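Here's a quick tour of one sheet, strand by strand. Have the viewer open and follow along.

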Amino acid sequence: MSADDSIRASGTSSATVLTPEGKIATRKASCSCGKLTVTTKGPDPERRSMCHCKSCQLQTGSAFAIQARFPREQVTIESKSTAWKFPIDGAKPVTYRSCDSEGATYHFCPECGSTVYYELAVAPDMIGVRVGAFTDPTFPPPMISGFEEYRFPWALNVAALPMPGGHHD
Ligand SMILES: [Zn+2]
Ligand SMILES: [Zn+2]
């Protein structure tokens with residue numbers, strides 16, 4: 001199939017491309033400035049997770065992280081990234097449990113700092129991609145939620161927030 005046979009999903013600013021049958025052909029994840037991109041081919045992976053561990057909180061600056069693991073051969077990475085490894089070589093071991101305790105390498109844009117993808121030592125054939133980097137709400141939801149003992153109690157309870165439908169300034 002050539003690129004001309006595919007159509008962009010309408011109504012979004014995302015770079016999800018559908019086949020004429022409406023199946024996912026490619027998705028594109030990007031950093032904030034757009035220089036570092038990851039294009040994924042084919043069907044969305046089963047391995048989609050939400051993680052509340054402290055590593056994910058520190059690494060994203062958010063209450064939790066959402067990611068999907070794609071087989072390496074389905075992933076095309078464009079532009080240079082800076083890599084950061086956890087655990088840090090020579091550092092004292094951390095006192096908490098985390099999803100990356102076996103070792104992970106995070107790849108972020110040297111220009112804007114967004115982490116777009118990562119590699120896990122336990123799954124060398126896979127590339128983890130941050131789901132938010134697809135900026136496409138049609139991305140299917142996570143299958144599992146991990147490390148909930150570290151969860152911010154209000155996270156995922158939008159209806160209980162003081163102004164659930166509001167915008168912050
Ligand atoms: Zn960037
Ligand atoms: Zn985690």
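What follows covers the sheet as a whole, then its strand pairs and hairpins.

Keep in mind that this is a predicted model. Its seven-stranded sheet is open and mixed in pairing, with the strands lined up as β8-β9-β10-β11-β6-β5-β12. Going from one strand to the next, the twist averages 30°.

**Edges of the sheet**
- The edge positions go to β8 (82–86) and β12 (144–146).
- Each of these two has a single partner strand, so one side of β8 and one side of β12 lack a neighbour in the sheet.

**How strands pair in general**
- Backbone hydrogen bonds link the strands of a sheet, in either a parallel or an antiparallel arrangement.

**β8 with β9**
- β8 and β9 (residues 104–108) run antiparallel and share five bridges.
- Across this pair, Phe-86 sits opposite Ala-104 of β9.

**β9 with β10**
- β9 also pairs with β10 (residues 115–120), again in the antiparallel sense and over five bridges.
- Here His-107 faces Tyr-117, which belongs to β10.
- β9 and β10 make a hairpin with six residues between the strands, and Gly-113 in that hairpin has a positive phi near 90°.

**β10 with β11**
- β10 and β11 (residues 126–130) are antiparallel too, joined by two bridges.
- Opposite Tyr-118 you'll find Gly-128 of β11.
- The hairpin connection from β10 to β11 goes through five residues.

Key: Residues numbered from 1 in each chain as written. Chains lettered and ligands numbered in written order. Predicted model: local features only at pLDDT ≥ 70, side-chain atom pairs only at ≥ 80, totals over all residues. Pairing = 2+ DSSP bridges. Helix = DSSP H or I, 4+ residues; strand = E, 2+ residues; numbered from the N terminus. Axes fitted to C-alpha atoms, helices over the stretch in contact; angles between N-to-C directions.
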